Amino acid sequence: MTNAQKWMSAFLALFLILFIIGRVTKKDEHVPHMMDENYVSQSSQQEKQELDGLSLVKQNGCLTCHGQELEGTKMAPAIVSLKENWSRDGLINYLRNPSSYSGDKRFQEYKLKYKNIVMPSYGNIDVKDLGKMADYLLTK
Ligand code: HEC
């Protein structure tokens with residue numbers, strides 16, 4: 001082999017290697033696509049794990065004041081038969097801003113009965129979650 005031929009074969013070999021590397025990295029590009037699919041199924045699993053009304057009521061500490069069965073405690077009234085006084089939207093509004101209802105007769109009585117306890121405002125909770133809690137509570 002002449003020197004020129006040696007250089008030629010060296011270049012050919014280099015091209016071949018680059019070509020192979022190109023193919024290999026192309027295959028690698030498919031991996032993120034597969035991961036995307038996994039990602040989608042992971043997020044739909046997360047949706048399934050979204051909390052239901054009862055879990056949200058527990059998680060937000062409602063039972064601490066209102067009782068394990070919502071039956072009321074020394075700290076807070078029972079929150080059963082809410083249907084008598086609340087629509088779904090009304091209840092959501094109440095949870096977001098309980099103090100704005102303090103003028104109502106029922107709440108004036110609550111104020112005397114549960115003197116030092118204040119129903120917290122849950123305006124920081126996602127409205128969708130408040131809706132789930134309202135739906136759950138209105139079945140009780
Ligand atoms: C710190 C104790 C406390 C916690 C925690 C609490 N509440 Fe209350 N809640 C009260 C008190 C006290 C009242 C009585 C009204 C008032 O004082 O404003 C009340 C009133 C209510 C009422 C109105 C009842 C009626 O007769 O219409 C509802 C509904 C209610 N709470 C739901 C909830 C929900 C849902 C949660 C959880 C997201 C919760 N509360 C968490 C203390 C609490």
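Guide: Helices (H or I, at least four residues) and strands (E, at least two) are DSSP runs, numbered from the N terminus. What you see is a predicted model, so local features need pLDDT of at least 70 and side-chain atom pairs count only at pLDDT 80 or more, while totals for chains, interfaces and linings use all residues. Residues are numbered from 1 along each chain as its sequence is written, and side-chain values use heavy atoms, with hydrogens and water left out.

Visitor: OK, what pattern does the protein chain follow along the sequence?
Guide: Start with the count: the protein chain has six helices and zero strands. Reading along the sequence, then, you get α-α-α-α-α-α.

Visitor: What percentage of the protein chain's residues count as buried?
Guide: Buried means under 20% relative accessible area, exposed over 50%, and partly exposed in between (1.4 Å probe, protein chains only). The protein chain has 140 residues, and the buried share is 23%.

Visitor: Which residues coordinate the iron atom of the ligand?
Guide: Donors are N, O and S atoms within 2.8 Å of the metal (3.2 Å for Na, K and Ca), and as water is not among the atoms, sites may look incomplete. Here the iron atom of the ligand has protein atoms NE2 and SD at 2.0 to 2.1 Å, and they belong to His66 and Met119.

Visitor: What geometry does the site of that iron atom have?
Guide: Six donors count as octahedral if opposite ones are over 155 degrees apart and all others between 65 and 115. The ideal angles for six such donors are 90 or 180 degrees. Around the iron atom of the ligand, the angles among six donor atoms run from 88 to 178 degrees, which makes the site octahedral.

Visitor: How many residues apart are histidine 66 and methionine 119?
Guide: The pair links distant parts of the chain. Histidine 66 sits in helix α3 (residues 62-66), and methionine 119 in the loop between α5 (105-113) and α6 (127-137). Along the chain, that puts them apart by 53 residues.

Visitor: Is histidine 66 buried or exposed?
Guide: Go by the relative accessibility, which is 10% for histidine 66. Methionine 119, with 25%, counts as partly exposed. Because of its 10%, histidine 66 counts as buried.

Visitor: What helps cover the buried residues of α4?
Guide: The residues that are buried in α4 include Gly90, Leu91, Ile92, Tyr94 and Leu95. Among the elements that cover them are α5 and α6.

Visitor: What percentage of the contacts between residues at least 6 apart join residues at least 24 apart?
Guide: Contact means heavy atoms within 4.5 Å. Take the contacts in the protein chain between residues at least 6 apart in sequence: the share joining residues at least 24 apart is 61%.

Visitor: Which residues does tyrosine 136 touch, not counting those up to four places away in sequence?
Guide: You'll find tyrosine 136 in helix α6. Its C-alpha is 6.4 Å from that of leucine 54, though the two are 82 residues apart in sequence. With residues up to four places away set aside, tyrosine 136 touches Gly53, Leu54, Val57 and Leu70.

Visitor: Leucine 70 turns up there, so what is its phi near?
Guide: Most residues other than glycine have a negative phi. Leucine 70 is in the loop between α3 and α4, and its 3% relative accessibility makes it buried. Its phi is positive, near 65 degrees.

Visitor: And what is the phi of serine 81 near?
Guide: Serine 81 is also in the loop between α3 and α4. Because its relative accessibility is 34%, serine 81 counts as partly exposed. It isn't glycine, but its phi is positive, near 50 degrees.

Visitor: Which residues is methionine 75 in contact with, leaving aside its neighbours within four places?
Guide: Methionine 75 lies in the loop between α3 and α4 and is partly exposed, with a relative accessible area of 32%. Its C-alpha is 8.8 Å from that of threonine 64, eleven residues away along the chain. Beyond the neighbours within four places, methionine 75 is in contact with Thr64, Cys65, Tyr114 and Ile117.

Visitor: What separation is there between the C-alpha atoms of threonine 139 and lysine 83?
Guide: Threonine 139 lies in the segment after α6, and its relative accessible area of 57% makes it exposed. Along the chain, threonine 139 and lysine 83 are 56 residues apart. In space, their C-alpha atoms are separated by 7.9 Å.

Definitions and conventions. Tetrahedral: all angles 85-135°; square planar, octahedral: opposite > 155°, others 65-115°.
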